[in-house]
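Trainee: I would like to go through how the parts of this protein meet. Shall we take the contacts before the sizes?

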Amino acid sequence: MLNQRYAAIDQGTTGTRVVVFEEGGHYHSPMSIPHKQITLNSGWVEHDPEEILANIIKCLHSCEVVDAIGLCHQGESIVAWDADSKRPLYNAIVWQDLRTEKTISMLKEAGLEPLVQSKSGLPLDPYFSASKMGWIIENVVGAKTLADKNKLRIGTMDAFFLDRLCGVFVTDYNSASRTSLLNIHTLEWDQELCDIFGVPIHCLPPIKDNIGDFGAINLDGHLTPVTAIIVDQFAGTFGHGCREKGDAKITFGTGAFLQALTGTDIPQTHNSGLLPTLCWKFPNQPPVFGLDGGVYNAASAINWARKIGLFDSFDELGDFRAESAIKRGLAFVPALSGLGCPYWDRSAAGLWAGLSLDTDKKDMMQSVLEGIAARSAEVIFAMEKISPLGQSISVDGGLSSNQYFKQFLANLLQKDIEAPANREVTALGAALLARKGIGITHEMAVRRNATVTHPDGTNMQGVMEQYRDIIARSRQLRH
């Protein structure tokens, strides 16, 4: 037991990395490989699935011998491939891709959103997989023909990776729940949803629990089992230690991704804009549900600000005036890709309010950080109205190391913000699930030391009302 090792493949939007965890708690990352971002048209985002598959294989071969593999992946990104040759018909279409906006608008105009939402839990949005799959069927040469011959396979990227690496065509409940095609009440692919989006139901993979036997990969003559599959954000939720109702985390990556556990019943989200989501399901147990909310722009807003010259080094983002930008009348709405939860409004635009001749770059960056925190706080406040959260929120990602940002967020939420010392929380979640998948049930000896930022007593009264007013203006700019 003491010598057992688990490889976690973290296949993300910008790259693939592997982290190896040992039973005693030690971990290291032997390899990380970026991949190309393919943008053929405005709003289109694609990846080469063959490139990513090759990167996964390189990462796994860098691990030496491990006892089990856990794979977490991009979630809503999809691939279509030939069942016989196993070759992709087209690039992977990434979760950020907006090519199906017109299709989504037509479905909304046809009054189909309530039906889709009642069955899948998800709003109509290009973010989710189904409209991307429908686009493949309609626009990629050979897709319909293969589908008619029962030779087309289509799914989230985990299904493609497993088919190629293990010869097993399956997906998991959590990944399936991000497609808009899974009925979260019956836990099965839904024919009516597939018809709405134009996806042949027989082309979709069978659905399994998040842990178990997903086949094995031959690594230097050693057959290593894959025993866990999950979307990266939910691997992070598990890695943060979220196990009980009310536990919540925020990952500040390209966007901000917020999840909170609500138990084994599907949460009633009403008109909150939050997504009831299936977080994971284990064998012979009911699924664990939660609330999910995404803010489209977090690190992407920071990187954009750097690109336009507002700062050069991340070291510059720690020394701001004691008084917040919003208290001085300056606010930024990070709607550079529209507004995610709770609005789901792709037409909203980024907005600065309160600029003056006295405003400098430092002030603008202070307002950018505060704007990301305010958008995240909006989602947390919405979650609290549906299901009470604990006194602390666990955070990871680049912004989790910025003390000003964490303090502003703690003050807005009036909650403790915990940033684990272990920055590999997503990979840790995948490894812990892989370990669980080979039957080990007791907790692994992982150090969960965290820096905790407490609310400091700053008066934040009226601040969120200011933000909501400015966010409303950001939604009017493109209408």
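Trainee: How many residue pairs are in polar contact between domain 1 and domain 2?

Mentor: This is a predicted model, and the count takes pairs with both residues at pLDDT 80 or more. Between domain 1 and domain 2, the number of residue pairs in polar contact is nine.

Trainee: Which elements give two or more residues to the side of domain 1 that touches domain 2?

Mentor: Strands and helices both appear on that side of domain 1. The helices are α2 (101-109) and α7 (173-176). The strands are β1 (5-11), β2 (15-22), β3 (27-34) and β5 (68-73).

Trainee: Which class of residue has what count on that side of domain 1?

Mentor: Charged residues number eight and polar residues 10. For the nonpolar class, the count is 18.

Trainee: How many salt bridges are there between domain 1 and domain 2, and at what distance do R17 and E424 meet?

Mentor: The count between the two domains is four salt bridges. Domain 1 covers 3-207 and domain 2 covers 240-478, so a salt bridge, which needs N and O within 4 Å, joins the two domains where R17 meets E424. Their side chains are separated, N to O, by 2.6 Å.

Trainee: What area is buried between domain 1 and domain 2?

Mentor: The size of an interface is often given as the accessible area lost when the parts come together. Here carbon and sulfur atoms give 65% of that area. The total buried between domain 1 and domain 2 is about 2800 Å².

Trainee: How far apart do the C-alpha centres of domain 1 and domain 2 lie?

Mentor: The contact takes 36 residues from domain 1 and 30 residues from domain 2. The C-alpha centres of these domains are separated by 24 Å.

Key:
Residues numbered from 1 in each chain as written. Predicted model: local features only at pLDDT ≥ 70, side-chain atom pairs only at ≥ 80, totals over all residues. Heavy atoms only, no water. Domains from an automatic or database assignment. Contact = heavy atoms within 4.5 Å. Buried area = accessible area lost by both parts, 1.4 Å probe. Polar contact = N/O pair within 3.5 Å; in protein donor to acceptor, adjacent residues only side chain to side chain. Helix = DSSP H or I, 4+ residues; strand = E, 2+ residues; numbered from the N terminus. Nonpolar A, V, L, I, M, F, W, Y, C, P; charged D, E, K, R; others polar.
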